[in-house]
Amino acid sequence: MKKDKPSILITGAAGFIGSALAIKLLEENNHVIGIDNINNYYSTSFKKERLSNIIKSPNSSKYWNFHKISIENKNQIFNIFEKYRPKIVVNLAAQAGVRYSLENPEAYIKSNLVGFFNILEACKSFDVENFIYASSSSVYGGNKKVPFKENDSSNHPISLYAATKRSNELMAHSYSHLYDIPSIGLRFFTVYGPWGRPDMAPMIFANAIMNQLPINIFNFGKMKRDFTYIDDVVESIKRCCFKPATVSNTFDKFDPENSCSFAKHRIFNVGNSKPVELEIFIELLEDALGKKAIKKYDELQKGDVISTLSDTSLLTKWIDFTPSTSIQDGILYFAKWFENYYEH
Ligand SMILES: NC(=O)c1ccc[n+]([C@@H]2O[C@H](COP(=O)([O-])OP(=O)(O)OC[C@H]3O[C@@H](n4cnc5c(N)ncnc54)[C@H](O)[C@@H]3O)[C@@H](O)[C@H]2O)c1
């Protein structure tokens, strides 16, 4: 008899990455449970549109369940785990954004620390077999050495957001060790694509270009980002869902961050490994949208990192996949979606 596929819980399912992951997993006949508090950090109607897209997915009536709850609410989280008994948990719910952590630090403590702790507790209590969670390239702080490797220093965060993400990695490591929960932390590098985050540069720039409004270009354009296309990120998470972390039996002293000799815990960069200068990114977007940007140069913002670049060799070794959508292709796909969305 065919064995049922394990059910997968996604937190932050109305978010950019969570909604795209849910659609992919549903397409492949997985039972997916989504939770999200649909907070108003950015447009709640945009988040609801993403949820409608999930519902349009052919398998959603059979395999999709959604609950509007917050990961800060331990009782509600435990009720969900009790009801669905997920074997795989992907924690994407978080207060995201570097700049907003200067304005509203409390939101980061609540979602990223208290909420994250509740998810860990639930994983412990309900025998979750594989825990995946979102970390961030921001944990590398102001590191100058590129590309960023998982065992580079990540103990000098330059924003509270980064500090919470690094804390998540340490918390997950301890739970993995104490309660034998296989866990993988994924350090995402600037994710972009259709249904992207309205608070991030690609969407802000596209909006400004379409409406002929000025674009603030920070650090006078001297910024580089390792932009990673959403489909590559989704594929990476999906593959990690089906390859839980193991203890490393060949403890590598050159790679202490990633291979632990006693905890089933791994950390992987998820990036495209090709940094793009901000001005080049804008030029590509201008070409794709057929309009010129109105540029306004400004100083570096507090908490911002000047340059990011990932080394993804550990990820490739683990899941036999390397994010590789070129920025040229990715921007074309994104711009096509944006124009359609903008017109409707
Ligand atoms: N997008 C990127 O470039 C990027 C880069 C690095 C790390 N990340 C991390 O990846 C994850 C997903 O990012 P995203 O871009 O999809 O962000 P997103 O803001 O679009 O999605 C996060 C979702 O979580 C929900 N949420 C927030 N706090 C919650 C809470 N307490 N309870 C329940 N739901 C809550 C939000 O409503 C939102 O829908 C986040 O953890 C983020 O920090 C993203």
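Me: Which helices and strands each supply at least two residues of the shell around the ligand?

Reply: α1 (16–27), β5 (130–136) and α7 (160–179) do. Helices here are DSSP runs of H or I, at least four residues, strands are E runs of at least two, and both are numbered from the N terminus. The largest share, three residues, comes from β5. Bear in mind that this is a predicted model, where local features need pLDDT of at least 70 and side-chain atom pairs pLDDT 80 or more, while totals for chains, interfaces and linings use all residues. Residues are numbered from 1 along each chain as its sequence is written, and side-chain values use heavy atoms, without hydrogens or water.

Me: Which of the residues around the ligand come nearest?

Reply: There are 30 around the ligand, and Asp 36, Tyr 42, Tyr 161, Lys 165 and Val 191 come nearest. A residue counts as near if one of its heavy atoms lies within 4 Å. By class, the shell has 16 nonpolar, nine polar and five charged residues. Asp and Lys count as charged, Tyr and Val as nonpolar, and Gly as polar.

Me: What makes the approach of Lys 165 to the ligand a polar contact?

Reply: A polar side-chain atom of Lys 165 is 2.8 Å from a ligand oxygen atom, and a polar contact is a pair of N or O atoms within 3.5 Å, so this pair counts. Ser 70 also qualifies, with a side-chain N or O atom 3.3 Å from a nitrogen atom of the ligand. At Gly 15, a polar backbone atom is 3.3 Å from a ligand oxygen atom. As for cover, the protein buries 98% of the 820 Å² that the ligand exposes alone (Shrake-Rupley method, 1.4 Å probe).

Me: Why is α8 called oblique to α12?

Reply: The axes of α8 (residues 201–211) and α12 (residues 327–343) come within 11 Å and cross at roughly 55 degrees. Under 35 degrees is roughly parallel, over 145 roughly antiparallel, 65 to 115 roughly perpendicular and the rest oblique, so α8 is oblique to α12. Their crossing is right-handed.

Me: What about α10 and α12: how do you know that they are oblique to each other?

Reply: α10 (residues 278–289) packs against α12 at about 50 degrees, with the axes 9 Å apart, and that angle therefore makes the two oblique to each other.

Me: What is the omega of the cis peptide bond from Val 146 to Pro 147?

Reply: Omega is near -5 degrees. Pro 147 sits in the loop between β5 and α7.

Note on methods
Polar contact = N/O pair within 3.5 Å; in protein donor to acceptor, adjacent residues only side chain to side chain. Axes fitted to C-alpha atoms, helices over the stretch in contact; angles between N-to-C directions. Left-handed = near helix turned anticlockwise from the far one by under 90°.
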